[in-house]
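Biologist: Please show me the model. I have some questions about it.

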Amino acid sequence: MSLPTKEGPCAMTTVYDFSLPRLEGGGTLDLAEYRGKPLLIVNTASECGFTHQYEGLQALWSQFKKAGVVVIGVPSNDFGQQEPGSSSQIAAFCHKNYGVGFPMAARCPVKGTNAIPLFQWLNKDLGFLARPRWNFYKYLFNKQGQPVAWFSSLTAPTSPRVRDALERILLNG
């Protein structure tokens, strides 16, 4: 799910050191492909009360992708088993209902000891309060691949807090 290293996921130093399984087409979504670009990574679910946030994520992607921002969805079934579908079902749901065009990973665990290496690193680097407690936690990375902000499920992707943080990264790196 992520690029393995002899030191383990916590030895990674930037988000660009990781990869995720692709939702569509197989293979991996190598985050190194986005080196130098700000990333917004979100754990998602199709049957959640926050699922409507896909619309806001797509709006952010549409607005900021020309500036280099990359939104990445990471479906997870960890919270209330609200992402039970297969990759093809998740992809169809996201495209049909929200017109999702941003990159999506295949369903992955994001909490606990089974969390994928990317989320293990985030948990260690950002600490207890930033650990996802539900679907649609958002993690913002600067152009150097360092996490600079996180937002809970309660913060909409199009909120002034998220937009302001994105715009600061675009202005300042």
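What follows is a short exchange on this predicted model.

Biologist: Which residue does the UniProt annotation "active site" cover?
Modeller: The annotation comes from the UniProt record, and that entry is unreviewed. The residue it covers is C48.

Biologist: Where is C48 found?
Modeller: Two elements flank it. Strand β3 spans 39-44, and helix α1 spans 53-64. C48 is found in the loop between β3 and α1.

Biologist: Is C48 buried or exposed?
Modeller: The cut-off for buried is under 20% relative accessible area. C48 has 10% relative accessibility, so C48 counts as buried.

Biologist: Which residues does C48 touch, not counting residues up to four places away in sequence?
Modeller: Contact here means heavy atoms within 4.5 Å. With the sequence neighbours set aside, C48 touches Q82, W134 and N135.

Biologist: How many disulfides does the structure hold?
Modeller: A disulfide is a covalent bond between the sulfur atoms of two cysteines. The test is a pair of cysteine sulfur atoms within 2.5 Å. The structure's count is zero.

Biologist: Which cysteine sulfur is nearest to that of C48, and how far away?
Modeller: C48 is in no disulfide. The nearest cysteine sulfur is 12 Å away, and it belongs to C94.

Biologist: What about C108: which cysteine sulfur is nearest?
Modeller: C108 is in no disulfide either. Its nearest cysteine sulfur is 13 Å away, that of C94.

Biologist: Is C108 buried or exposed?
Modeller: Buried means under 20% relative accessible area. C108 has a relative accessible area of 2%, so C108 is buried.

Biologist: Which residues make the nonpolar surface patch?
Modeller: The patch covers about 340 Å². Its residues are F128, L129 and W150.

Biologist: Is L129 buried or exposed?
Modeller: L129 lies in the loop between α3 (117-126) and β5 (138-141). Exposed means over 50% relative accessible area. L129 has 61%, so L129 is exposed.

Biologist: Is F64 buried or exposed?
Modeller: F64 lies in helix α1. Its relative accessibility is 5%, so F64 counts as buried.

Biologist: Which residues is F64 in contact with, leaving aside neighbours within four places in sequence?
Modeller: Those close in sequence are left out. The contacts of F64 are V69, R163, L166, E167 and L170.

Biologist: What separates the C-alpha atoms of F64 and P38?
Modeller: Along the chain, F64 and P38 are 26 residues apart. In space, their C-alpha atoms are separated by 10.0 Å.

Definitions and conventions
Residues numbered from 1 in each chain as written. Predicted model: local features only at pLDDT ≥ 70, side-chain atom pairs only at ≥ 80, totals over all residues. Heavy atoms only, no water. UniProt positions renumbered as here; feature names shortened; annotations may be inferred. Helix = DSSP H or I, 4+ residues; strand = E, 2+ residues; numbered from the N terminus. Buried < 20%, exposed > 50% of the residue type's maximum accessible area, 1.4 Å probe, protein only. Patch = residues over 30% accessible without salt bridge, like charges linked within 9 Å, V, L, I, M, F, W, Y side chains within 5 Å. Areas by Shrake-Rupley, 256 points an atom, 1.4 Å probe, with all protein chains shown as cover. Salt bridge = Lys/Arg side-chain N within 4 Å of Asp/Glu carboxyl O.
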